[in-house]
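Hello,

Here is the structure I promised to pass on to you. Have a look at it first, and my notes follow below.

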Amino acid sequence: LDTLEKWVTEIFSEIPNNGLPKPSFGHLTQPFDTPEFHKLYRVVPIRKVHSLTITWALPPQEQYYRVKPLHYISWLVGHEGKGSVLSFLRKKFWALALYGGNGETGFEQNSTYSIFSISVTLTDEGYKHFYEVAHVVFQYVKMLQRKGPDQRQVIWEEIQKIEANEFHYQEQTDPVDYVENLCENMQLFQKEDFLTGDQLLFEYKPEV
């Protein structure tokens, strides 16, 4: 550690600190013309694949990194077991895969907005019924909204334990990638959460 500290001091001590706060664009509260979101856009892909992506523009969620509400919702939406959206769509032979969420960094999440997306990989038959597929997804989200999170703390704690295990038993990563990730975390989280803020769930707050 002494050697590492010496290296860091030699390499980085000459970089000036201008004392400026992190820039915030939180005053730009309406970055999108949301009526434009109420449209279906068709894109012709290069390779033969059918994919339906539904995207929501939400208020910025980065302040809730200790709660990770979008991670919680994506966990429920992306569940593949009995009673899940994907299980239902597979029984209909309409879908092969489904995933949803927010990367919680960069374009997807910042001080202006957060993006939440659900993407469904469709079969040829599912492509013929993509309106019905979209309807099923919206029905499921509506059900989650109606039931609310109050009775789902057990699920949140399950996610918390899984993420904690993955953090404690993760494989060693490339040092350069790790340092780059830490530098990004330093722009997003409180000092005590630099190492863990992008992975662990700390607080259960159903109102969030």
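**What I found**

Let me start with helix α7 (residues 175-188): at 1.5 Å a residue its 14 residues should span 20 Å, and its end C-alpha atoms are 20 Å apart, so the two agree. The expected span here is 1.5 Å times one less than the number of residues, and helices are DSSP runs (H or I, at least four residues), as are strands (E, at least two), numbered from the N terminus. At the start of α7, the backbone nitrogen of Val176 has a side-chain oxygen of Asp174 within 3.2 Å.

Please keep in mind that this is a predicted model: local features need pLDDT of at least 70, side-chain atom pairs count only at pLDDT 80 or more, and totals for chains, interfaces and linings use all residues. Residues are numbered from 1 along each chain as its sequence is written, and side-chain values use heavy atoms, without hydrogens or water.

Now to the inside. The largest nonpolar core (buried Ala, Val, Leu, Ile, Met, Phe, Trp, Tyr and Cys residues joined through side-chain atoms within 4.5 Å) has 27 residues, and Val85 and Leu98 are among those with the most contacts inside it. Helix α5 (130-147) is one of the elements giving two or more residues to this core, and α5 gives the most, with 7. Domain 1 (34-146) and domain 2 (149-207), with bounds from an automatic or database domain assignment, both contribute residues, so the core lies between them.

Glu158 sits in helix α6. At 44% relative accessibility, Glu158 counts as partly exposed (between buried, under 20%, and exposed, over 50%, with a 1.4 Å probe and protein chains only).

Best wishes

Conventions
A polar contact is a pair of N or O atoms within 3.5 Å; within protein, one must be able to donate a hydrogen and the other to accept it, and residues adjacent in sequence count only if both atoms are side-chain atoms.
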